[in-house]
Amino acid sequence: MRKVKGFLLIGIIMSILFSSLIIAPALEMTAEEIINMRDNNEYFNTAQMEAEMIIVSGSRKITKTMIALTDKKNSLVEFTNSQDRGTKFLKREDDLWMFFPDAEDIIKISGHMLNQGMMGSDFSYQDVMESDKLTDLYDFKIIKEEDLDDRPCYVLEGIAREGVKVSYYRRVSWIEKERFIGLKEELYAQSGRLLKETKVNKIEEIEGRWVPTDSVMEDKLKKDTYTEFIITQINFNPEIPEETFSLQNLR
Amino acid sequence: MKKYFSIITLTMMSILLFATTTIFAKVEIGGELNMTLSGVLFRESESLAYPQGSLDLELYIPPFDNNQIKSAIYLYTNPTTGKLDFMFKKLYLKHKFDKLQLTVGRQPISWSFGSMLNPVDFTLGSVVMDEEAGSKYQNAIEAYYPLNWNSSIAAIAAFPNGFENMKWGIRGRTTLEGYDLTLNYVREPEENSVETMIPVSQRIGFSAKGDLGPFGVYGVIGYNFEDINSGDFSFLAGGDYSYYFESGSKIYFQLEYLSIKEERLSSLLG
């Protein structure tokens, strides 16, 4: 009996030692490391995806479907639902072009159009343009730790660095401690006004990585609207031909 | 009885409908139906109602073997005759060769770039204040040759009045430092009718569009040839900006300055 107790004690001590070895680095992680962990988890070299965008405004609900090819800096999105079929977007680093199928014309999205809701959604064109590393744009710090939907999270605050061009002055992110996935984010104006809120509804493990497959964006300046973005299929690291992200491919 | 009266035009009904139906295999037909009933109420008199309808109908045929067939027809009640009329917007075949895209048939041609007016468009007045005109749709052959991911040359031969008089143009497009740049040339044929005789006209134009801080900016410089030795310049400079109030309201500004020879303005306005 004493022997059993001895083993138990050793087991408990060892498990405490091991768990402290695992937890200690997490406790000592800086805000920047946490953001980078999240980015490493959520970003990929190339991906091919099919998705749905459900735009809800009051009792009105519009579903748009799309296919997208993306690499680290560039994306090509084609809408496939009946109403928008053939509408395409090309994002090349900091530039965005749109192909209008009715006019069969390629227009560079610039100026005021960048602030408009993309295809009537709560995502602005500027939102989809953000490709720089967040840690290059914002100074992050951990402001608290709390549970969100029973998941322990780090809560990080990012303040825009002086001189950089960003859409939102301040962002508050809830990042799950276990898997380093962003579960919720609030985006603020410099005045402190909440502008947008995004929340993840569903996370799935696909090809060995955790992917937020269902998320909701709410434009807090609009009443009774939100946009749900659902990834229906995703393949990581497909071969994408070099000429894919070109204006000729928009036509 | 007093002669004056007031007219109130009311748009009573507007129906927008978009639907698609699969005909066979993956071929689909879809469109947008727009019906409007406008009423005119005369004081101390009877009222009149004007029903108007239009239907944009498109046949969707999936691309096959680097070919794409597009067909779109616009059916509408002619406001002058009150009868049903139609216009083909698209009826063309596009083939994508390795280094060339060739489009043959009825197709929309516009060199718009987001401005309200474009004095160097392929067809002047094809897009005015975001409204497109029927002149945009042309029987034409277009050859599009990409040079790299953001640069291309497009050559167009159009036949607006039959095959005798060919109108042609060439357009180069590229991106530099985030600015969308185009250089284009158009040659319009001589037009002879009972009332008028319009000589051959040529124009060359350069346009640029991009961002300057939070402002969208664009501009055009064009030159219209009268003959070999003379001509006139046209300029367009524009910008846009939107400001969002935290109440959710927004103000959107778009300002354009146009300098053009007076007699060219009517064609530019469609």
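Here are some notes on the predicted model, from the chain interface down to the strand pairings.

1. Ground rules. This is a predicted model, in which local features need pLDDT of at least 70 and side-chain atom pairs count only at pLDDT 80 or more, while totals for chains, interfaces and linings use all residues. Residues are numbered from 1 along each chain as its sequence is written, chains are lettered from A and ligands numbered from 1 in the order in which they are written, and side-chain values use heavy atoms, with hydrogens and water left out.

2. The A/B interface. On the chain B side, 42 residues are in contact with 30 residues of chain A (contact means heavy atoms within 4.5 Å). The buried area comes to about 3,200 Å², with carbon and sulfur atoms giving 43% of that. Buried area here is the accessible area (1.4 Å probe) that two parts lose on being put together, summed over both.

3. Charges and polar pairs across A/B. The rule finds four salt bridges between chain B and chain A, a salt bridge being a side-chain nitrogen of Lys or Arg within 4 Å of a carboxyl oxygen of Asp or Glu. One to look up in the viewer is A:R85 with B:E28, where the closest N and O atoms are 3.0 Å apart. There are also 14 residue pairs in polar contact across this interface, both residues at pLDDT 80 or more. A polar contact is a pair of N or O atoms within 3.5 Å; within protein, one must be able to donate a hydrogen and the other to accept it, and residues adjacent in sequence count only if both atoms are side-chain atoms. As for who lines the chain B side facing chain A, the split is 13 nonpolar, 14 polar and 15 charged residues. Those classes take Ala, Val, Leu, Ile, Met, Phe, Trp, Tyr, Cys and Pro as nonpolar, Asp, Glu, Lys and Arg as charged, and the others, Gly among them, as polar.

4. Domains in chain B. Chain B divides into domain 1 (1-92) and domain 2 (97-270), with bounds that come from an automatic or database domain assignment. Six residues of domain 1 are in contact with nine of domain 2, and the two bury about 610 Å² between them, 64% of it on carbon and sulfur atoms. B:M87, B:K89 and B:Y92 supply 68% of the area that domain 1 buries against domain 2, more than any other three residues. The domain 1 side has four nonpolar, no polar and two charged residues. Between the two domains the count is zero salt bridges and two residue pairs in polar contact.

5. Strands in chain A. Helices (H or I, at least four residues) and strands (E, at least two) are DSSP runs, numbered from the N terminus, and two strands pair if DSSP finds at least two bridges between them. β1 (residues 46-57) and β2 (residues 60-71) of chain A run antiparallel with 12 bridges; A:E52, for instance, partners A:T65. Their hairpin has two residues between the strands, and A:G58 takes a positive phi near 65° there. β2(A) also pairs antiparallel with β3 (residues 74-79) over five bridges, including A:T70 with A:S75, and two residues link this hairpin.

6. Strands in chain B. β16 (residues 215-225) and β17 (residues 231-244) of chain B are antiparallel over 10 bridges, with B:Y223 partnering B:F233 and a hairpin connection of five residues. β17(B) pairs in the antiparallel sense with β18 (residues 250-259) over 10 bridges, and B:Y244 stands opposite B:K250.
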